[in-house]
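Grab a pencil and work through these exercises one at a time. Each task comes with a solution that goes step by step.

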Amino acid sequence: MPILYRYLIRETLAVFLATNLILLAILLSFRLSTLLAAAAAGNMALSAVWMLIGLQAVRFLVILMPLAFVLAAVMTLGRLYRDHEISAALACGIAPRHQTRALLACAIPIGLLLLTLSMSVLPRVYRGQEALRQQAQQEAGMILFTPNTYRRLDDGTIVHTGSIEGGQLRDFFIARDEPDGGHSLILAANGEMQGDEQQRHLLLHDGRRLAWNADHDPAHTTLFTYQHADLRLPGANTLAASSDNRLRNLPTSELGTSPEHLSEWQSRSNPAVALFIYALALPLLARSQPRQGRYQKIVPAFIAFALYINLLDLITIAIRKQQIPPLPGSYWLHGAVLALILICWQRSRGRA
């Protein structure tokens, strides 16, 4: 492999890895704060937070890898133009196509890794994430009712139970603020928690409810008894999944030929295909004049790639809604972008 190829590959991969690590750390820090808040509110067990962070790191990595490669390639070529290293290479007879070959030598293994993650690893991550969330929420439901302990939920509601015997809550107590500014107090001799990962609620037996307004007016104070009451827990489904059988959880081998499944297939393969195609355009997009800044072409290249990816997402959504045919689907956009890149390369050679 020529020295220039090794140099471009080494510099591009170094910036690619650094960009991935920085962006991944930023995203995971925000996600960690959300999960910790959910654990503090009693919506999931604290032990599941770090496992969820590890699973979501894979998900974020699939999103970040194409963007990080585009930034790394443009930053590397921009620095070479700024330091006149590209001018020296051109003066030595090294054509611009060698830049493309060096970038493709980086893009092909990165794209294959991205394709493997999207096709094989990411569906397993989604399934594991859903199972872990369900288990964490079930564990949180038991942690929520620790005997002889007052717990405050995320909306300010305070719950307390005297004991737990065979899954039955004894001497249950709950105090809450009503939307009209009043207050209520619910007592129950016993009860149990029911529901699934979508929603937790309490089934109370043999209890009383006392309610009064903010002015403590006896005329507006009510007390009644009940034999059975169904009470939904506030904030119980903060992180619940919207659907048990989402397409993204299916293994790629189980995707069929329906429009929904074909759109999912294309959404998994589109990032890698877009990375291969866009790598051909990066030497053109990074080309700059001697007095231009080394990072001046980053924003146009990034915006163009973001537009490319967003158009692919819009097309797959339209396929899923059966607004456009699944074939050629999003592949016509890949063909159009590839044709446009080849035309631009032909014109650049003509001007040279």
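**Exercise 1: a greasy spot on the outside**

In which helix does Leu311 lie? Find it, then work out how open this residue is and what company it keeps.

Solution. Keep in mind throughout that you're looking at a predicted model.
- Step 1: Locate the residue. Leu311 sits in helix H6.
- Step 2: Check its exposure. The relative accessibility of Leu311 is 35%, so it counts as partly exposed.
- Step 3: Look at its companions. Leu311 belongs to a nonpolar surface patch with Leu307, Leu314 and Ile317. Together, these four residues have about 370 Å² of accessible area.

**Exercise 2: the overall layout**

How many helices and strands does the protein have, and in what pattern do they follow each other?

Solution.
- Step 1: Count the elements. You should get 7 helices and 6 strands.
- Step 2: Read along the sequence. The pattern is α-α-α-α-β-β-β-β-β-β-α-α-α.
- Step 3: Add the burial figure. The protein has 352 residues, and 42% of them are buried.

**Exercise 3: the largest pocket**

Describe the largest pocket: its volume, its lining and the helices that build it.

Solution. Here's the idea behind the search: rolling a probe the size of a water molecule over the atoms shows where empty space is left.
- Step 1: Start with the volume. The largest pocket comes to about 730 Å³. Its lining is made of 27 residues, and those closest to the centre are Ile63, Tyr126, Ser267, Pro271 and Asp313.
- Step 2: Ask who supplies the lining. Helices H2 (49-82), H4 (97-144), H5 (259-285) and H6 (298-320) each give at least two residues.
- Step 3: Find the top contributor. That is H6, with 10 residues.
- Step 4: Sort the lining by class. It has 15 nonpolar, 5 polar and 7 charged residues.

**Exercise 4: a salt bridge between two helices**

Which residue forms a salt bridge with Arg79, and what does the pair tie together?

Solution.
- Step 1: Count the salt bridges in the model. There are 3.
- Step 2: Pick out the one with Arg79. Its partner is Glu11, and their closest N and O atoms are 3.3 Å apart.
- Step 3: Place both ends. Arg79 is in helix H2 and Glu11 is in helix H1 (residues 3-40), so the pair ties together parts that are 68 residues apart in sequence.
- Step 4: Compare their surroundings, using a cut-off of under 20% relative accessible area for buried. Arg79 has 16%, so it is buried. Glu11 has 22% and is partly exposed.

**Exercise 5: a shared partner**

Which residues are joined with Glu264 into one salt-bridge network?

Solution.
- Step 1: Take the pair within one helix. Arg268 and Glu264 meet in a salt bridge at 2.9 Å, N to O. Both lie in helix H5, 4 residues apart, or about one turn of the helix.
- Step 2: Check their burial. Arg268 has a relative accessibility of 5%, so it counts as buried. Glu264 is buried too, at 8%.
- Step 3: Bring in the other partner. Arg320 also forms a salt bridge with Glu264, with the closest N and O atoms 3.1 Å apart. Arg320 is in helix H6 and Glu264 in helix H5, so this pair ties together parts that are 56 residues apart in sequence.
- Step 4: Join the pieces. Through shared partners, Glu264, Arg268 and Arg320 form one network. Arg320 is partly exposed, at 35% relative accessible area.

**Exercise 6: backbone oddities**

Where is the cis peptide bond, and which residues other than glycine have a positive phi, Asp206 and Gln322 being two to check?

Solution.
- Step 1: Find the cis bond. It joins Leu327 and Pro328, and its omega is about 5°. Pro328 is in the loop between H6 and helix H7 (331-351).
- Step 2: Turn to Asp206. Its phi is near 55°, a positive value. Asp206 is in strand E5 (residues 199-212), and with 49% relative accessible area it is partly exposed.
- Step 3: Finish with Gln322. Its phi is positive as well, near 60°. Gln322 lies in the loop between H6 and H7, and its relative accessibility is 53%, so it counts as exposed.

Note on methods:
Residues numbered from 1 in each chain as written. Predicted model: local features only at pLDDT ≥ 70, side-chain atom pairs only at ≥ 80, totals over all residues. Heavy atoms only, no water. 1 Å grid on protein atoms, 1.4 Å probe; cavity = no way out; pocket = protein on both sides within 12 Å on 5 of 7 lines; lining within 4 Å. Points joined across faces, edges and corners; volume = space filled by probe spheres on them. Nonpolar A, V, L, I, M, F, W, Y, C, P; charged D, E, K, R; others polar. Patch = residues over 30% accessible without salt bridge, like charges linked within 9 Å, V, L, I, M, F, W, Y side chains within 5 Å. Areas by Shrake-Rupley, 256 points an atom, 1.4 Å probe, with all protein chains shown as cover. Salt bridge = Lys/Arg side-chain N within 4 Å of Asp/Glu carboxyl O. Buried < 20%, exposed > 50% of the residue type's maximum accessible area, 1.4 Å probe, protein only.
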